Amino acid sequence: NGNQYQAIVSNTSCATGATSAIATLTVNAVPSLTAQPSNASICAGSDATFTATATGTNISYQWQVSTNGGSTFNDISGANGATLNLSNVGSGMNNNQYHVLISSSCNSLTSANVTLTVSDPASITAQPADQVLCEGGNASFSVTAAGTNVSYQWQVSNGGPFTDISGANAASYTVTGVTGAMNNNQYHVVVTGTCTPAAVSSNAVLTVLNPASVATQPSNATACDGTSAVFTAGGAGGASDQYQWQVSNGGPFSNIPGATGAT
């Protein structure tokens, strides 16, 4: 490249020859890819970058995208540099393929196809619900989550900080054989995925009801004809207890209408 050439013309009749003008040879280099673009994996909302390195004479770039698995590629408007920058990538661009066309004064070539993988952050689409049940029953909490490669960790609080529940790593968690000591426990789940941050569900409250029992028994009463007799019983459940007094005059017991208080 850059060599110069001239011709000296002479003949046998004249002693003086003639020299031509100088001609320069310009050799254009064919394009060559010295570094191929690489696949990119990002989280939705982030930026992605693809870069190709090429040599050649008067080279130019045109990036293209395929949204159908590489069957067809289309030009990306304005993507005419060695680097393709994609800003605020959405999850709808997952599995798009890209390559770059490199043209020069001699010919053109196409880079390898690369794939864009877009991961979605964890999110919770259905929250766990409060549970109310009697002592000895089973309480079940569940969530519906979305995201890429999500995993679950249920946690419990009995009035203090939330702590992990060993082995509670599914979308649902069941508390078997609840006890009165678990009353008002709160449960939530931490959902993690490929992307940060993790998603934390709302807190679900476990209410444990005690079975009915008589804490204070009624006592026998003796009264004069025409006066009042009072019987009182106390339930162990407190305000949640309900009462129905019954009477027997020697036969089966039957309800006393309106007698629905502790006394």
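A disulfide, in this text, is a pair of cysteine sulfur atoms within 2.5 Å. The model here is predicted, so local features need pLDDT of at least 70, side-chain atom pairs count only at pLDDT 80 or more, and totals for chains, interfaces and linings use all residues. Residues are numbered from 1 along each chain as its sequence is written, and side-chain values use heavy atoms, with hydrogens and water left out.

**Exercise 1.** Work out how many disulfides the whole structure has, and which cysteines take part.

*Step 1.* Search the whole structure: one disulfide turns up.

*Step 2.* Name the partners: cysteine 43 and cysteine 195, with 2.1 Å from S to S.

*Step 3.* Check the twist: the angle about the S-S bond is -105°, which makes this link left-handed.

*Step 4.* Place the ends, taking strands (E, at least two residues) as DSSP runs numbered from the N terminus. Cysteine 43 sits in strand E6 (residues 40-43), while cysteine 195 is in the loop between strand E22 (185-192) and strand E23 (199-200), so the pair ties together parts that are 152 residues apart in sequence.

**Exercise 2.** Sort cysteines 43, 195, 134 and 224 into buried, partly exposed or exposed.

*Step 1.* Grab the cut-offs: buried is under 20% relative accessible area, exposed is over 50%, and partly exposed is in between (1.4 Å probe, protein chains only).

*Step 2.* Take the bonded pair: cysteine 195 has 3%, so call it buried. Cysteine 43 has 25%, so it's partly exposed.

*Step 3.* Now the other two: cysteine 134 has 47% and is partly exposed, whereas cysteine 224, with 59%, is exposed.

Key
Helix = DSSP H or I, 4+ residues; strand = E, 2+ residues; numbered from the N terminus.
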